[in-house]
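Colleague: Let's go through the ring contacts here. Short answers, please.

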2 protein chains.
Amino acid sequence: MKLYHIGKVVKDLEEAKKYYKDTFGFQSIGEPVEDNIQKVWVLKMNIGHGEILTLELLQPMNEQSPVYKFLQKTGGGLHHLSYLVEDIRRAIADFKEKGALILGEVAPSIAYGSKPSVWLYTGSKELIELIEEV
Amino acid sequence: MKLYHIGKVVKDLEEAKKYYKDTFGFQSIGEPVEDNIQKVWVLKMNIGHGEILTLELLQPMNEQSPVYKFLQKTGGGLHHLSYLVEDIRRAIADFKEKGALILGEVAPSIAYGSKPSVWLYTGSKELIELIEEV
């Protein structure tokens with residue numbers, strides 16, 4: 001298991017992209033991706049580690065997006081950490097055994113080549129995303 | 001400039017270490033370091049990228065610690081991102097030009113070989129730490 005990306009919720013993807021480019025000198029990786037499952041637009045930023053580990057900017061598409069409430073409540077910011085796992089079914093079983101609450105079903109992670117992914121709250125009430133390395 | 005660590009404030013370093021070991025299989029890097037400047041105990045965790053990019057666990061030593069209020073308010077969680085820069089004086093000037101508020105003076109980062117470091121709020125109200133790659 002290893003850290004794959006840092007998810008940050010933002011109000012406006014283009015504005016956030018400009019901020020990271022102008023202030024940090026970071027470049028975006030590809031174009032924004034529309035994720036109709038999570039109802040978010042996703043843009044990956046290169047934060048000095050290439051595609052091995054990225055900053056993932058998430059802008060909710062509408063009020064149905066799981067991150068919409070977070071944006072409303074906080075104005076945006078660090079939201080979750082995403083980890084790569086070798087076997088997502090096994091990882092889910094392991095996390096469950098440690099008291100995690102699995103949020104929904106395994107679903108394709110649109111911005112990451114539709115790799116199987118799942119959201120969960122760990123036993124320590126930490127929101128994380130697991131993505132299977134396929 | 002590149003991401004160096006993800007700072008997470010925790011109530012108890014040993015408990016957090018156990019959580020990451022038992023639940024994620026992550027190992028700590030070295031022993032907890034006492035940082036008397038920031039008034040925190042610091043423990044680095046290997047999150048699959050060695051020492052290039054770590055999870056930094058921070059436990060406030062007392063109420064004078066800059067992260068004490070954050071812990072009280074939130075119960076702990078993701079706190080800041082830290083970036084490596086080549087020239088900290090130049091980076092500070094650049095961030096200032098982009099509207100950042102520099103918090104205090106450049107000081108040795110105890111847990112990172114006393115490399116020069118500084119805290120700042122970016123123009124987008126994001127708390128970050130810069131550490132000079134020496």
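Colleague: How far does A:Lys44 lie from the ring centre of A:Tyr112?
Modeller: This is a predicted model, so the value is computed from predicted atoms. A:Lys44 lies over the face of A:Tyr112. Its distance from the ring centre is 4.3 Å.

Colleague: In chain B, which ring has the charged end of B:Lys44 over it?
Modeller: The charged end sits 4.3 Å from the ring centre. That falls within the 6 Å cut-off for a charge over a ring. The ring belongs to B:Tyr112.

Colleague: How many aromatic pairs are there over all chains?
Modeller: The search covered the whole structure. The total is 18.

Colleague: Is the pair of A:Phe24 and B:Phe95 stacked or edge-to-face?
Modeller: The ring centres are 5.3 Å apart. The planes meet at 85°, and over 60 degrees counts as edge-to-face. The pair is therefore edge-to-face.

Colleague: Why does that pair join two chains?
Modeller: A:Phe24 lies in helix H1 of chain A, residues 13-24. B:Phe95 lies in helix H3 of chain B, residues 88-97. The pair therefore joins two chains, A and B.

Colleague: Are A:Phe24 and B:Phe95 buried or exposed?
Modeller: Both rings' residues fall in one class. A:Phe24 and B:Phe95 are buried.

Colleague: What angle separates the planes of B:Phe24 and B:Phe26?
Modeller: B:Phe24 is buried at 6% relative accessibility, and B:Phe26 is buried at 3%. Their ring centres are 5.4 Å apart. The pair is stacked, with an angle of 20°.

Colleague: Which residues do ring pairs link into a cluster with A:Phe24?
Modeller: The cluster has members from chain A and chain B. Besides A:Phe24, they are A:Tyr19, A:Tyr20, A:Phe26, B:Tyr83 and B:Phe95.

Definitions and conventions. Residues are numbered from 1 along each chain as its sequence is written. Chains are lettered from A and ligands numbered from 1 in the order in which they are written. This is a predicted model: local features need pLDDT of at least 70, side-chain atom pairs count only at pLDDT 80 or more; totals for chains, interfaces and linings use all residues. Side-chain values use heavy atoms; hydrogens and water are left out. Rings of Phe, Tyr and Trp (its six-membered ring) pair if their centres lie within 6.5 Å; planes under 30 degrees apart count as stacked, over 60 as edge-to-face and the rest as tilted. Helices (H or I, at least four residues) and strands (E, at least two) are DSSP runs, numbered from the N terminus. Buried means under 20% relative accessible area, exposed over 50%, partly exposed in between (1.4 Å probe, protein chains only). A charge sits over a ring if NZ of Lys or CZ of Arg is within 6 Å of the ring centre and within 35 degrees of the ring normal.
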